[in-house]
Amino acid sequence: MRTVTATAAAVTAALAAGAAGIAAGRLASDAALKAPPGRPLPTEPRLTVHATAAGRIALTRDLAALRPGMYGLGGEGSHAVVGPVLDAESHSADTVVRRLERVTHGTLKPGDKVWLTPNVYVGDPRAALGLDHADVDIPGELGTLPAWFVPGMRGTWVIAVHGLGTTREHSMNVMEFLHRHRFPVLALAYRGDLGAPRPPDGLNHLGETEWRDLDAAIRYAVHHGARQVVLHGWSTGATMALRAAAHSGLRERISGLVLDSPVLSWEATLRALASARRTPGALLPLAVRAAQGRTGLYGDRLDAAAAPELLDIPPTLIFHGPDDTVAPWRHSRRLAAIRPDRVALHTVRQAPHAAMWNADPKAYEEVLRRFLTPLM
């Protein structure tokens, strides 16, 4: 009897441990599969506002606070824009002083918790940039997708699609540049975004299903006069662009791809986000398996080393760098090495995920201009 009881107890303990592991893996996978649009990714540290003055802000001294370039500064109920680090300004040993370009809304006061974001602009193109635009509805697989359309004179449209942790506001970083060069711009909100249909399972599929919303935007553009389209995607938006270029029924209309910080290995990205939420290393394989079971993401089909769809890739420009802790730069390097005839990699250093423009806007736009010129 004692042997039977002991065996039953051992089996019960093993089942409990297995169930706990499954639950832990599921929770860890939420870091990627439930990343809310417009909220910081777990890789982005929270900073404290120490002081503000005319055109100046002192933040917690951190590697993030020392990044070169221009960033949005998000807070609970506030948004501001910060420029470069002001090394000549006096500050304490635990702070960094940056130029405070503007406070878009809300207030900033000492003690506030904030984070850097690639979203420099908030609102819509008219309010943020003074650009006339139309709010358009795109018929999608799951329902109506809201989008901004900024008109231009060219027959080649740029369709912009954001990625993890951001919204279509992210596209406004390059919208003024594109408008200046007379490209019509269509900035898409897709499944899971505010105002767009909710995915049936409530999860982000890291571009694997979301690309069909981008495909709907391509159909909309062609129906409304676009002769060709260039897809400009950030993060998982770049993944969506690759998938559309491979599988869209209108892929012959895609004349180019611009991929900023592309997620080319969903497993690596999921592990990175789960690790940033302090998931123990032993649980990371469980997080991957949980994501597979919940979304059907079996295998890294977009891994640059093995994706057959890359054989017919259109001319492609990648902006990426070694400081991206969410989407490893090595995958972009491999893609560029596999297809040097089609893929150009512009390396940006000291820039976090999906913030290659922020590190040096002028340099980014000049590289983008050179790429787009033959596609006009």
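This is a dialogue on how to read several features of a predicted model.

User: Where should I start, and how many helices and strands does the chain have?

Analyst: Start with the overall inventory, remembering that the model is predicted. The secondary structure here comes to 10 helices and 14 strands, and buried residues make up 56% of the 376 residues in the chain. Another thing to read is how far apart in sequence the contacting residues lie: among contacts with a separation of 6 or more, 74% join residues 24 or more positions apart.

User: Which residues have the most contacts inside the largest nonpolar core?

Analyst: A nonpolar core is read as a set of buried residues joined through side-chain atoms. The largest one in this chain has 38 residues, and those with the most contacts inside it are Ile138, Ile159, Leu186, Val229, Leu231 and Leu257. Helix H4 supplies the largest share of this core, with 8 residues. A second, separate core has 34 residues, including Tyr121, Phe183, Ala187 and Val348.

User: What does leucine 186 touch, once residues up to four places away in sequence are not counted?

Analyst: Its partners come from several parts of the sequence, among them Val136, Ile138, Ala147, Trp148 and Phe149, then Trp157, Val158, Ile159 and Ala160, and further along Ala217 and Tyr220.

User: Is valine 158 buried or exposed, and where is it placed?

Analyst: Valine 158 lies in strand E9, and it counts as buried because its relative accessibility is 2%, where the cut-off for buried is under 20%. With neighbours within four places in sequence left aside, valine 158 is in contact with Leu178, Phe183, Pro184, Val185, Leu186, Val230 and His232. A separation along the chain can also be set beside a separation in space: valine 158 and valine 258 are 100 residues apart along the chain, while their C-alpha atoms are separated by 9.7 Å.

User: How should I read a polar residue such as serine 171, and what does its side chain reach?

Analyst: Take the place, the accessibility and the partners in turn. Serine 171 sits in the loop between strand E9 (156-161) and helix H3 (172-180), and it counts as buried because its relative accessibility is 4%. Its side chain reaches the backbone oxygen of arginine 168 at 2.7 Å, and, apart from neighbours within four places in sequence, serine 171 is in contact with Ala160, Ala187 and Trp234.

User: At roughly what angle do helices H4 and H5 cross, and which residues meet there?

Analyst: For a helix pair, read the axes before the side chains. The axes of H4 (residues 211-223) and H5 (residues 236-247) come within 8 Å and cross at roughly 65°, and the crossing is right-handed. From H4, Trp211, Leu214 and Ile218 meet Met240, Ala241, Arg243, Ala244 and His247 of H5. By class, this contact has 6 nonpolar, 1 polar and 1 charged residues.

User: Which residue in the loop between strand E10 and H4 has a positive phi although it is not a glycine?

Analyst: That is leucine 206, with a positive phi of about 55°, in the loop between strand E10 (185-188) and H4. Leucine 206 is buried because its relative accessible area is 4%. Arginine 278 also has a positive phi, of about 65°, although it is not a glycine, and it is found in the loop between helix H6 (266-276) and helix H7 (284-295). Arginine 278 counts as exposed because its relative accessibility is 78%, where the cut-off for exposed is over 50%.

Technical notes. Residues numbered from 1 in each chain as written. Predicted model: local features only at pLDDT ≥ 70, side-chain atom pairs only at ≥ 80, totals over all residues. Heavy atoms only, no water. Helix = DSSP H or I, 4+ residues; strand = E, 2+ residues; numbered from the N terminus. Buried < 20%, exposed > 50% of the residue type's maximum accessible area, 1.4 Å probe, protein only. Polar contact = N/O pair within 3.5 Å; in protein donor to acceptor, adjacent residues only side chain to side chain. Contact = heavy atoms within 4.5 Å. Axes fitted to C-alpha atoms, helices over the stretch in contact; angles between N-to-C directions. Left-handed = near helix turned anticlockwise from the far one by under 90°. Nonpolar A, V, L, I, M, F, W, Y, C, P; charged D, E, K, R; others polar. Core = buried A, V, L, I, M, F, W, Y, C linked by side-chain atoms within 4.5 Å.
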